[in-house]
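These are my notebook entries on one structure, kept in the order in which I looked things up. Each entry takes up one topic.

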Amino acid sequence: MNRRELLRTAGAGFGMAGLSSLLGAASKTEAASGPLAVRTPHFPPKAKRVIFIFLNGGMSQVDTFDPKPMLAKHHGEPMPGPKIKTDRASGSLMRSPFEFRKRGQSGLEVSEIFPQLGARIDDLCVIRSMYSDNGNHGPSLLLMNSGHGLAGRPSMGSWITYGLGTENQNLPGFVALCPGYPVLGPQLWDSAFLPSSYQGAYIRNSEREPEKLVRNLRNKELTLAEQERQLNLVSKLNQSYLSQIGHQPQLEASIASMEVAFRMQMEAPDVLDITKESESTRARYGDSDFGRGCLMSLRLAERGVRMVQLYFGNFQPWDSHDDIRVHSKLAGAADGPIAALLDDLKARGLFKDTIVMIGSEFGRTPMIQNSGLERVGNGRDHNVPGYTMLLAGGGVKGGMAYGATDDFGFKAVENRVHPHDLHATILHLMGLDHKRLTYRYSGRDFRLTDVAGEVIQPIIA
Amino acid sequence: MWRQIASTVCTSGLLLAADADFFETRVRPVLAKNCYSCHTGSRLGGLQLDSGEGILKGGNSGPAIVPGDPEKSLLIQAVLRVHEKFKMPPQGPLEPAEVAGLRTWIQSGAVWPAASGPPVPASTGEYLIRPEQRAFWAFQPVKKLPSPAVKNAMWPRNNIDRFILAALEQRGLSPVAQAGKRDLLRRATFDLTGLPASPEEVDAFIGDSSSGAFAKVVDRLLASPHYGERWGRYWLDLARYSDGDLGASKDTPYANAFRYRDWVINAFNTDLPYDVFVKAQIAADLMGPKDAKQTPSHLAALGFHALGHGPDDQVDVSTRVFLGLTVGCAKCHDHKYDPIPTRDYYSLRGIFKSSEVREYPLAPEAEVSAYKAIQKQIEEKKFEIDDFVKKHGDEVSDVLATKTASYLLAAWNGTLAESAGLDAETLERWQSYLKDPRKEHPYLKPWFDLMERRARGENVPLDQVRKTAADFQSFVLAMNAEKKGMDDRNYVAMGGAKGVRDERTRQYTNLESLEIVKYYLWRDLASDPYKKDFVDFKGGVYHYGAKQIDRFLPPLLREHLTSLRTERERVEKSLPKQYAFMHAVRDSAKPGNVKVEIRGEPANPGEEAPRRFLAILSQGEPPPFTQGSGRLELAEAIASAANPLTARVMANRIWQLHFGDGIVRTTANFGQIGDRPSHPELLDYLATRFVESGWSVKALHREIMLSSTYQLSTRHSEKNYAADAANRYLWRANLRPRLDAEALRDSLLAVAGTLDRTVGGAPVPFDDANRRRSVYGLVSRTTPDETLALFDFPNPNNTSEQRSVTAGPMQRLFFLNSSFVTKQSRLLAERLRGDDRSRIREAYRLLYARTPLEPEVQYGLEFLQRSGGSWAQYAQALLSSSEFSSVN
């Protein structure tokens, strides 16, 4: 009998109603009440959960999913039109060093650096007309995560968990994975003014052992039986205290979180332990931080976590100012694991109601950047007027491109999509009306989409 | 269409002009109160509602009203919340009487009285603050009001209670019972010191039946050095304090930042008058003879600005912290809600722009200059060595490149380096480079083809091998020449040696570079190692850096390099520990105004903004500041009793920290978008008392804590709860569901008997061995202590007006399983003495300031019996219970 089973059956030994019910809970969805209880959406949803793979740093659109023949034709020439402003001095147009090829039934063109996603292009919706507001990483990361360029707004995962609760009461509803920290760190999965139950639980996926992935997950000194007895005592003490001080809902909520913690001890080690997967499965993801992160994301989604956000790497790996060819290494590291994740979501029947988002805070300029700060001088600067985001699964049409940038891939010109629109669409797929998902704070009703956002109907299956 | 409506209105306007009174009493106030924050100068949705013309023109969705037809008017549909898109105002529906007023006004033709002031131009022309903006509550002078009459005259202990009780009685609410003595003592002790009350303190208070017993407790706590540690830390939240450089891209520790932290703690402990406290943080270096007695010791106060990050940060933080105004919002456009024009932002920015960060050494001049001289020497030596190594490294690389063909041939033939007259290490490098034919350049492809043919067993003619090697060498040499030419030109373009070395003086330009595939070959042969943007390059085949260059140098040069290194080491060793200094600011040599940056873009300058105070807080046109940067004048304008915000904002913060919510809940935003005071008269009373007491923070604590309001219990009342579930009117005390991060950690150490109560000094890294109070722990800007962060320790990158109180499962895992809690549990268990019952009683006294109920003793005894007498496990359960970490 393993620890988890033992804890499950040990439930009967607990005197207090609260604890015994949680331990005896056969069904994970049996969450009677509390902030994470499953709530009914505004309308029937297409999707139940989200996996957001964040290629932090800024994936170049013109080298990946937005081919621009004109860029090759005018390679080395200044971009026509009025002088444009980028973050740093930008030079002339630079063709992509990578080949694009038509892939799948849809014939969408994909760069050679994403061969496996290319093979699955018929499952992907390529939004080529994303645009954003600010050319710096910080504000753009915040905008993509929270719908606002300044800190202090809840992230999308918090909003979704606030709106829908979560399907597994033994795990947090919103989990953020990164080997260390991306730029801005925990601000990106902050619940801000929403109750903290909706904050992203951070897991450092560079670690391998579950006890290191989540701090304090296991007691090093007490046996299971000892801890069981101890928790029973804590529960009695809390009840006694509550009966002395009377009606205190805040405290009751805090006591309830002890129960989630206890249940996490049972479930988290198991779900985060990717050695529970077969060797051939693990091999398809590879043994990189990102590969293991994709596999953990799959397992978390499978167990009913409402939203998982996986950062590709620490700081901002995709920030190829220096040398755009490095994108082939980055894509090489991302392509296989994401493809494996898509395959397994399908194989496990999760693809149809899981939204997979793949993208960055912004794109990269079609122009070369070579200002003396670089070593190689073959890179691209940040690009906010136009960039690409991929969606798959949960109610999204596959094998389609939506929107378009100009001839050079600089600016979105057709069916432009702001992060507000993207957020509105994700919420819509989850059965939430972005205009009705509000929270009153500091005297006004806040939304993920602020006062904007249009659902992108044409991409919905 | 639009014209038609406009003409209709003009007509009806003439006919109904007599109704101006109705407009002024029933319409304009409703619009001003509910709509003007967004629909005047900032014209959200294109809609401007402060003129007849604007309201008729309407916004992006058309006219706001149809005169004579309320039901067809967008305005009415929006306020009734029946319109599909518009449900206004966003902060909540209007009162029915207000809607009725608007309806009647539209029905009778929507007369906008002619003399009611011209509309303010949206973006051009002079910014005018309208009378109704000046009339906003927060900009009104603080009023000294008599305390109100109350029915239950027995309940109030002081004036605070009269204000609170009057508001309760007005709503038919009544205060619950007062808190018990133990709860009160525990609450007061946590409030003022962030530490649990000791059993002795509990006994003393319980035993003191005099009427002034609690006043004695408050005085004792206010006199404790731990008071300043608690309240100073709250100020540090606002001051976005960390032990590092806020502006740096990576963690850059400041070993002397703590002097500001200690100054703040000391200021609270000595009850430094708040006006001086404020002034010192803005302009201690400029404070005049009046404050001269204290000035030298206040220089550390300037850390408030010096530990910040430039003028924008300084404008934002100063106005939010001292004034409760979000002036930072006016950087790119006039403030959308408050009467703060962009020009005012740049007026303040000019003040900070005219000041510069400097260090004030706390050591003799000679020590400082000696240190700096050595530092400079070290830097010079470093550059000298770097330049030398680079110069000769490049030469070595170039010379080796001329033998490229020989290296290839030797690799081909497996010749030993010595016999071919080649460098052995370089040959090894070539051999290993040639192992993998996958290169980012194509130039060795012919060579790899030959290698592959031979591997297949083909006989490759030696001539062909020689020729391929020679061709490759020619290519390499030509490429090196090309690169050299480019480097020379780029060197000039970047601003010469200084530009190359110093990023700040480097002239950014579009530089020349080799065609990329050529660059890869060049890099693989000649580049030094580097890590950048996901690349970890280990160094080129011909590259020999500082640690490898020596053997290539002739004896004379080798000796020179060795002596340079020896010299550097000697100088480095002679560098003493850096002298102590304070992070402070001073006026720059040439203070001056800055220009408004239109839309916040530096490249788009507008009019010059005179250095002066905010217009909304001045009578008439604010006079320009003339003394240096103007910081002292700014400090005096802020720390003035006549300023309507300064005293209110601080009194409100103190109130919030005692009661959980402020009288204004948005403690750093007293503007339009902020909260309105629940007890405006009480707030003014507190502000008045605050100023009258000589800005004494401690006096304010005392008056608040001696009130019946503070001493309420947290008891539930069904009747009150039904009417005021959020306890906005304070019919009971708010239970604090969880101690904040520092109080929690400090309390765990305190009850385990291991807390080190030393006051002040350099920061201590957090680990299980650190027993100092948390306020003295190292505050890293980039890697926050994970446990403190788990319990909502604020992010030091921003000013934090209020701690959040989260309660996630990760926190409970800390209690269940962390080594820190386990250790304190064991230490706590060891402290308990006597028989089982008295040990349990002792634990309850230490942790909860009370004696256990009999069932609680029984739970403990049963647990101990079952756990084989594990007191450590029992102690951990007590520490994990909600009672330990909440305050009743």
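The entries below go from chain A as a whole to its sheet, then to one residue, and then to helix packing.

**Entry 1. Chain A overall**

I note at the outset that this is a predicted model. I looked up the secondary structure of chain A and found 13 helices and 16 strands. I then checked burial: chain A has 461 residues, and 59% of them count as buried. For the contacts in chain A between residues at least 6 apart in sequence, I recorded that 76% join residues at least 24 apart.

**Entry 2. The sheet of chain A**

In what order do the strands of the open sheet of chain A follow one another? I read the order as β6-β5-β7-β1-β8-β11-β4-β12, which is 8 strands with mixed pairing. At the edges I found β6 (201-204) and β12 (400-402) of chain A. Each of these has a single partner strand, so one side of each is left without a neighbour in the sheet. From one strand to the next, the twist averages 20 degrees.

I went on to the pairings around β11(A). Strand β4 (residues 124-130) of chain A is joined to β11(A) by 5 bridges, and the two run antiparallel. Within this pair, Val126(A) has Leu390(A) as its bridge partner in β11(A).

I next looked for helices that lie against the sheet. Helix α6 (residues 156-164) of chain A packs on it and touches β1, β5 (174-178) and β7 (307-311) of chain A. The direction of α6 makes about 170 degrees with that of β7(A). Helix α11 (residues 289-302) of chain A also packs on the sheet, where it touches β1, β5, β7 and β8 of chain A. For α11 I recorded about 175 degrees to the direction of β7(A).

**Entry 3. Strand β8 of chain A**

Is strand β8 of chain A enclosed by the rest of the structure or exposed? I found 6 of the 6 residues of β8 (residues 354-359) buried, so the strand is largely enclosed by the rest of the structure. In a regular strand, side chains alternate between the two faces of the sheet. In β8(A), I saw Thr354(A), Val356(A) and Ile358(A) pointing one way, with Ile355(A), Met357(A) and Gly359(A) pointing the other way.

I then listed the pairings of β8(A). Strand β1 (residues 49-54) of chain A runs parallel to β8(A), and 6 bridges join them. Val50(A) has Ile355(A) as its bridge partner there. With strand β11 (residues 387-393) of chain A, β8(A) pairs in the antiparallel sense over 5 bridges. Ile358(A) stands opposite Leu390(A) in this case, and Leu390(A) is also the residue I had noted as the partner of Val126(A).

**Entry 4. Trp189 of chain A**

I located Trp189(A) in the loop between β5 and β6 of chain A. Why does Trp189(A) count as buried? I counted 28 C-beta neighbours inside 10 Å, and 20 or more are needed for a residue to be buried. Leaving out residues up to four places away in sequence, Trp189(A) touches Ser155(A), Gly157(A), Phe174(A), Ala176(A), Gln199(A), Gly200(A), Tyr202(A) and Gln309(A). I also looked up Asp407(A), which is 218 residues from Trp189(A) in sequence and 36 Å from it in space, C-alpha to C-alpha.

**Entry 5. Where chain A meets chain B**

I recorded 61 residues of chain A in contact with 59 residues of chain B. The elements giving two or more residues to this side of chain A are α8 (224-245), α9 (249-272), α12 (326-347) and β16 (444-446). Which of them gives the most? It is α8(A), with 11 residues. By class, the residues on this side of chain A are 22 nonpolar, 24 polar and 15 charged.

I followed α8(A) across to helix α37 (residues 854-866) of chain B. Their axes come within 11 Å and cross at roughly 180 degrees, which makes α8(A) roughly antiparallel to α37(B). On α8(A) the contact is made by Arg229(A), Leu233(A), Lys236(A), Leu237(A) and Ser240(A). On α37(B) I listed Pro855(B), Glu856(B), Tyr859(B), Phe863(B) and Arg866(B). This contact has 5 nonpolar, 1 polar and 4 charged residues.

**Entry 6. Two helices within chain B**

I closed with helix α8 (residues 181-193) and helix α10 (residues 213-223) of chain B, whose axes come within 10 Å and cross at roughly 25 degrees. That makes α8(B) roughly parallel to α10(B), and I noted the crossing as right-handed. From α8(B), the contact takes in Leu184(B), Leu185(B), Ala188(B), Thr189(B), Leu192(B) and Thr193(B). From α10(B), Phe214(B), Val217(B), Val218(B), Leu221(B) and Leu222(B) take part. I recorded 9 nonpolar, 2 polar and no charged residues in this contact.

How values were computed: Residues are numbered from 1 along each chain as its sequence is written. Chains are lettered from A and ligands numbered from 1 in the order in which they are written. This is a predicted model: local features need pLDDT of at least 70, side-chain atom pairs count only at pLDDT 80 or more; totals for chains, interfaces and linings use all residues. Axes are lines fitted to C-alpha atoms, for helices over the stretch in contact, and angles run from 0 to 180 degrees between N-to-C directions. Helices (H or I, at least four residues) and strands (E, at least two) are DSSP runs, numbered from the N terminus. Angles under 35 degrees count as roughly parallel, over 145 as roughly antiparallel, 65 to 115 as roughly perpendicular and the rest as oblique. A crossing is left-handed if the near helix is turned anticlockwise from the far one by less than a right angle, and right-handed if clockwise. Two residues are in contact if their C-beta atoms, placed from the backbone, lie within 7 Å. Ala, Val, Leu, Ile, Met, Phe, Trp, Tyr, Cys and Pro count as nonpolar, Asp, Glu, Lys and Arg as charged, and the others, Gly among them, as polar. A residue is buried if 20 or more other C-beta atoms lie within 10 Å of its own, exposed if 12 or fewer, and partly exposed in between; C-beta atoms are placed from the backbone. Two strands pair if DSSP finds at least two bridges between them.
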